[in-house]
Amino acid sequence: MADDFERGGSPLYAGLAREHADDPLLAELAGDRRARWEFPLRLFGGVHYLALAGLAEHPWNRFPDVLREHRDWLARFVAEQPVQTNEVQRSWGMLPGFLIVGGGGMPLDLVELGPSAGLNLYWDRYRYRYAEHEWGPESAKLELAGAARRPPPAELFALRVEVRLRVGIDRRPVDVTTEHGARLLQAFVWADQEHRLERLRRAIAIVREEPPELLCGDFVELLPELLAGRDPEALTVVFDSTSLVYVPEPDVARVRAAIEEAGAHGPLAWVSYELPADAERPYASFSLEAQVWPGGERRVLARLDGHANWLEWVDEVAA
Ligand SMILES: C[S@@+](CC[C@H](N)C(=O)[O-])C[C@H]1O[C@@H](n2cnc3c(N)ncnc32)[C@H](O)[C@@H]1O
């Protein structure tokens, strides 16, 4: 995990992970949890949570003391709280897909699978930069940029959209209108990655102005009914980012079947930003794909990394 933190750009967590790998107190906190690879993420998340709540000052300089002082609370946090993140930078990766499927003039109803707190349901409220291209309200309180290694076509950025509805389905939705929800999302951002924290805080402030509808449940089960009740006056755009990657293949097939079935009965679009099923993990590229019905042709629009720091436009028909 120390190497992962290093590669992921957190010298703080890499150093702590190395220094304390053999600490008996950490072994005690980990207990007999099976998902051991997640343990450092949960533990650092717990310590960061305490810091954000004002319960542990400068915890990283006195890490072993904080573990001892908050041993019971941290043991419970580590045992009960799975890693929960919501990366708003992924909107930068998905925007070209949204414009391709939704820039035709119809109002859009968004349905996100696995939205976490729903930050990416507000993609139309952010400002974007791709090389020399820009998109979105100039007054936006959050600007997203990345390395457009091969940028999307310029004409896309002239398209405008109107979003009418924002709905998400998540097993563990995060309500950022509460202090706990907002703090939890921040806690799982690595504490020395200030730019990510700042981006997250800005997105949370935007979502808090008009929170989305987040349904609590399994999207594999709930999606068909939601699509059956959609409004034909709008274009429903289903989307997902690093959500299907956690779902077993037979369930992914059920999601795909539900979308195709709905697409056969009326206009629909699907934008998906996931790791391709045949990708060699963990360092393969993700892909951005789009489909629009009627028709349903599957297009691979771009290759990108898991956090949408860069993208490379491809736009080819999927095999
Ligand atoms: C890694 S997070 C990604 C969140 C968000 N899409 C993003 O890009 O920041 C995956 C999310 O999918 C949700 N999830 C995974 N499988 C699910 C399922 N079958 N039904 C509902 N939610 C699911 C998890 O609860 C989690 O919030």
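Which strand does Arg166 lie in? Select residues 163-170 to find out: this is strand S5, and Arg166 lies in it. Bear in mind throughout that the model is predicted.

**Stop 1: Arg166**

Keep Arg166 selected and look at its surface. Arg166 is buried, because its relative accessible area is 10%, and the cut-off for buried is under 20%. Now show its neighbours, leaving out residues up to four places away in sequence. Arg166 touches Leu110, Leu121, Tyr122 and Asp124. It also touches Arg125, Pro212 and Glu213.

Next, add Gly46 to the selection. Draw a line between the two C-alpha atoms: Arg166 and Gly46 are 30 Å apart in space. In sequence they are 120 residues apart.

**Stop 2: the two domains**

Colour the protein chain by domain. Domain 1 covers 2-80. Domain 2 is made of 90-175 and 191-317. Their C-alpha centres lie 32 Å apart. Zoom in on the contact between them: 12 residues come from domain 1 and seven residues from domain 2.

How much area do domain 1 and domain 2 bury between them? The figure is about 590 Å², with 43% of it on carbon and sulfur atoms. On the domain 1 side, select Arg7, Leu12 and His48. These residues lose the most area to domain 2, together 44% of what that side buries. Look for salt bridges between the two domains and the count is zero.

**Stop 3: strand S7**

Select residues 235-241, which form strand S7. Is S7 largely enclosed by the rest of the structure, or open? Seven of its seven residues are buried, so S7 is largely enclosed.

Show the side chains. Leu235, Val237, Phe239 and Ser241 point one way from S7. Thr236, Val238 and Asp240 point the other way. Both sets are buried.

**Stop 4: the partners of S7**

Add residues 108-113, strand S1. S1 and S7 pair in the parallel sense over six bridges. Pick out Glu112, which stands opposite Phe239 in S7.

Then add residues 268-274, strand S8. S7 and S8 also pair in the parallel sense, over six bridges. Which residue in S8 is the bridge partner of Ser241? Select Tyr273 to see that partner.

**Last stop: the crossover**

Finish by adding residues 249-263, helix H11. Follow the path from S7 over H11 to S8. Together, S7, H11 and S8 make a right-handed β-α-β unit.

Note on methods
Residues numbered from 1 in each chain as written. Predicted model: local features only at pLDDT ≥ 70, side-chain atom pairs only at ≥ 80, totals over all residues. Heavy atoms only, no water. Buried < 20%, exposed > 50% of the residue type's maximum accessible area, 1.4 Å probe, protein only. Helix = DSSP H or I, 4+ residues; strand = E, 2+ residues; numbered from the N terminus. Pairing = 2+ DSSP bridges. Right-handed = clockwise from strand over helix to strand, strands pointing away. Domains from an automatic or database assignment. Contact = heavy atoms within 4.5 Å. Buried area = accessible area lost by both parts, 1.4 Å probe. Salt bridge = Lys/Arg side-chain N within 4 Å of Asp/Glu carboxyl O.
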